[in-house]
Amino acid sequence: MRLTNRYGFILEYFAKTLPDAASELNFTTPFELIVAVVLSAQCTDRRVNMVTPALFAAYPDAETMSKATVDDILRYISSVSYPNSKAAHISGLSKKLVSDFNGAVPQTMDELTSLPGVGRKTANVVMAVAFNKPAMPVDTHVFRVAHRLGLVPSTANTPAKVEAILTKHIPAEILSKAHHWLLLHGRYTCTAIKPKCEQCGLRTFCTTFVNM
């Protein structure tokens, strides 16, 4: 099957089966989102959603968060993974938002990645989810599903390479939505261990399934 046809079928499948796919992180502002995404690194969205309500009640914006000490922030997020480094990142990015961006979350890759604790994946999430810009954040789920479904070749062995290929083949107007499709498919169906192949409507496209 031609690659364009593969993309077309898979994207159509997701559009029908996951029409309302969206981030599972709870947030109300771009600032809350960027903090939640920083907290979500190597941590479940469920855990992040458990700690952010109290954190955001105490520090609802960059201005108030920038005045908190690292220890202040740490008390609210101690149950997430790597809390010490994340508390330091959140403190640092809040201060930089205030000093460099008047407290507002910027919308470009270069500006976002200038913030402490914000790498390319986090920046892509913020651009896609907070600002509805065409972006393809590649986490472990997206990376795995893209390979298993044959959307990228085995030589695409880094998140950056996967991002570039997916961005090339997925229309810009649905790129951000496609990120959620791939992520949620990987989180709940095409899991790393014991994937639920019998529940997957795309198993005939799966290189792993075919070779089992």
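Asn 132 sits in the loop between H8 and H9, helices here being DSSP runs of H or I with at least four residues, numbered from the N terminus. Its phi is near 55 degrees, a positive value in a residue other than glycine. At 65% relative accessibility Asn 132 counts as exposed, where exposed means over 50% relative accessible area, buried under 20% and partly exposed in between, with a 1.4 Å probe and protein chains only. Bear in mind that this is a predicted model, in which local features need pLDDT of at least 70 and side-chain atom pairs count only at pLDDT 80 or more, while totals for chains, interfaces and linings use all residues. Residues are numbered from 1 along each chain as its sequence is written, and side-chain values use heavy atoms, with hydrogens and water left out.

**The H8–H9 loop and other positive phi values**

- Ala 135 lies in the loop between H8 and H9 too, but this residue is buried, with a relative accessible area of 4%.
- Leaving out residues up to four places away in sequence, Ala 135 touches Asn 124, Met 127, Ala 128, Leu 175, Ser 176 and His 179; contact means heavy atoms within 4.5 Å.
- The C-alpha atoms of Ala 135 and Glu 173 are separated by 9.8 Å, with the two positions 38 residues apart along the chain.
- Lys 194 is not a glycine, yet has a positive phi of about 55 degrees.
- You'll find Lys 194 in the loop between H11 and helix H12 (207-210), and at 73% relative accessibility it counts as exposed.
- Gln 42, just after H2, takes a positive phi of about 55 degrees.

**H2 and what surrounds it**

- H2 is mostly covered, with 10 of its 11 residues buried.
- The buried ones are Phe 31, Glu 32, Leu 33, Ile 34, Val 35, Ala 36, Val 37, Val 38, Leu 39 and Ser 40.
- They pack against helix H3 (45-58), helix H4 (62-66), helix H5 (70-77), H6, helix H7 (109-112) and helix H8 (120-130).
- In H5, the buried residues are Asp 72, Ile 73, Leu 74 and Ile 77, and their cover includes H2, H3, H4 and H6.

**H2 against H6**

- The axes of H2 (residues 30-40) and H6 (residues 83-101) come within 10 Å and cross at roughly 155 degrees; axes are lines fitted to C-alpha atoms, for helices over the stretch in contact, and angles run from 0 to 180 degrees between N-to-C directions.
- That makes H2 roughly antiparallel to H6, given that angles over 145 degrees count as roughly antiparallel, under 35 as roughly parallel, 65 to 115 as roughly perpendicular and the rest as oblique.
- The crossing is right-handed, meaning the near helix is turned clockwise from the far one by less than a right angle (anticlockwise would be left-handed).
- On the H2 side, the contact is made by Phe 31, Ile 34, Val 35, Val 38, Leu 39 and Ser 40; H6 brings Lys 86, His 89, Ile 90, Leu 93, Ser 94 and Leu 97.
- Those contact residues divide into eight nonpolar, three polar and one charged, with Ala, Val, Leu, Ile, Met, Phe, Trp, Tyr, Cys and Pro counted as nonpolar, Asp, Glu, Lys and Arg as charged, and the others, Gly among them, as polar.

**H9, H11 and His 180**

- The axes of H9 (residues 140-148) and H11 come within 8 Å and cross at roughly 90 degrees, so H9 and H11 are roughly perpendicular to each other.
- From H9, His 141, Val 142, Arg 144 and Val 145 meet His 179, Leu 182, Leu 183, His 185, Gly 186 and Arg 187 of H11.
- The residues of this H9–H11 contact split into four nonpolar, four polar and two charged.
- His 180 is also in H11 (residues 175-188) and counts as buried at 11% relative accessibility.
- Setting aside neighbours within four places in sequence, His 180 is in contact with Ala 21, Ala 22, Ser 23 and Val 129.

**Aromatic pairs**

- The whole structure has four aromatic pairs; rings of Phe, Tyr and Trp (its six-membered ring) pair if their centres lie within 6.5 Å, with planes under 30 degrees apart called stacked, over 60 edge-to-face and the rest tilted.
- Tyr 59 and Tyr 76 have ring centres 5.8 Å apart and planes at 85 degrees, so this pair is edge-to-face.
- Tyr 59 lies in the loop between H3 and H4 and Tyr 76 in helix H5, so the pair ties together parts that are 17 residues apart in sequence.
- Tyr 59 counts as buried at 14% relative accessibility, whereas Tyr 76, at 31%, counts as partly exposed.
- Ring pairs also link Tyr 13, Phe 14 and Trp 181 into a cluster.

How values were computed:
Helix = DSSP H or I, 4+ residues; strand = E, 2+ residues; numbered from the N terminus.
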